[in-house]
Amino acid sequence: MKTIKIKGMSCGHCVKAVTKALSEIEGVENVKVDLDKGEASFEETQPVSAEVLEEKIQKAGYGVG
Ligand SMILES: [Cu+2]
């Protein structure tokens with residue numbers, strides 16, 4: 001299980017958007033987003049680069065870190 005910090009989430013809609021964005025990445029499974037902590041955790045079925053994660057999150061309108 002890997003956990004990353006997500007910036008800019010404020011409501012349930014954001015949680016859904018981030019969950020969807022991460023779930024679309026190949027190798028990312030079982031995404032859980034915690035709004036209060038501002039974190040997303042997921043399983044990696046294959047290595048996923050930080051660049052890919054960041055790009056996907058940014059395209060959804062949020063930030064990583
Ligand atoms: Cu929101």
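Is Cys 14 buried or exposed? With a relative accessibility of 5%, Cys 14 counts as buried, because buried means under 20% relative accessible area. The points below place this residue in the wider structure, which is a predicted model.

1. **Overall fold.** The chain contains 2 helices and 4 strands. Followed along the sequence, these elements appear in the order β-α-β-β-α-β. A student tracing the chain should therefore meet a strand at the start of this pattern and a strand at its end.

2. **Overall dimensions.** A compact globule of 65 residues would have a radius of gyration near 11 Å, and the value for this chain, 10 Å, agrees with that. Along the principal axes, the C-alpha atoms occupy a box of roughly 30 × 20 × 20 Å.

3. **Interior and surface.** Of the 65 residues, 34% count as buried. The chain exposes about 4000 Å², and carbon and sulfur atoms supply 49% of this area.

4. **Contacts across the sequence.** Consider the contacts between residues at least 6 apart in sequence: 55% of them join residues at least 24 apart.

5. **Charges.** The chain carries 9 positive and 11 negative charges. The mean positions of these two groups lie 5 Å apart.

6. **The copper site.** The copper ion has Cys 11 and Cys 14 as its protein donors, each through its SG atom. These donors lie 2.0 to 2.1 Å from the ion. In accessibility the two residues fall into separate classes: Cys 11 is partly exposed, with a relative accessible area of 32%, whereas Cys 14 is buried at 5%.

7. **Asn 30.** This residue belongs to strand 2, which covers residues 28–34. Its phi is near 60°, a positive value in a residue other than glycine. Most residues other than glycine have a negative phi, which is the reason for drawing attention to this point. Asn 30 is partly exposed, as its relative accessible area is 42%.

8. **Gly 65.** Gly 65 is found in the segment after strand 4, which spans residues 63–64. At 60% relative accessibility, Gly 65 counts as exposed, because the class begins over 50%. The C-alpha atom of Gly 65 is separated by 7.0 Å from that of Ile 4, although the two residues are 61 apart along the chain. When neighbours within four places in sequence are set aside, Gly 65 is in contact with Lys 5 and Lys 7.

Note on methods: Residues are numbered from 1 along each chain as its sequence is written. This is a predicted model: local features need pLDDT of at least 70, side-chain atom pairs count only at pLDDT 80 or more; totals for chains, interfaces and linings use all residues. Side-chain values use heavy atoms; hydrogens and water are left out. The radius of gyration is taken over C-alpha atoms; the globule rule is 2.2 Å times the number of residues to the power 0.38. Buried means under 20% relative accessible area, exposed over 50%, partly exposed in between (1.4 Å probe, protein chains only). Contact means heavy atoms within 4.5 Å. Accessible areas come from the Shrake-Rupley method with a 1.4 Å probe; for residues, only the protein chains shown count as cover. Lys and Arg count as positive and Asp and Glu as negative; His and the chain ends are not counted. The place of a charge is taken as NZ of Lys, CZ of Arg, CG of Asp or CD of Glu. Donors are N, O and S atoms within 2.8 Å of the metal (3.2 Å for Na, K and Ca); water is not among the atoms, so sites may look incomplete.
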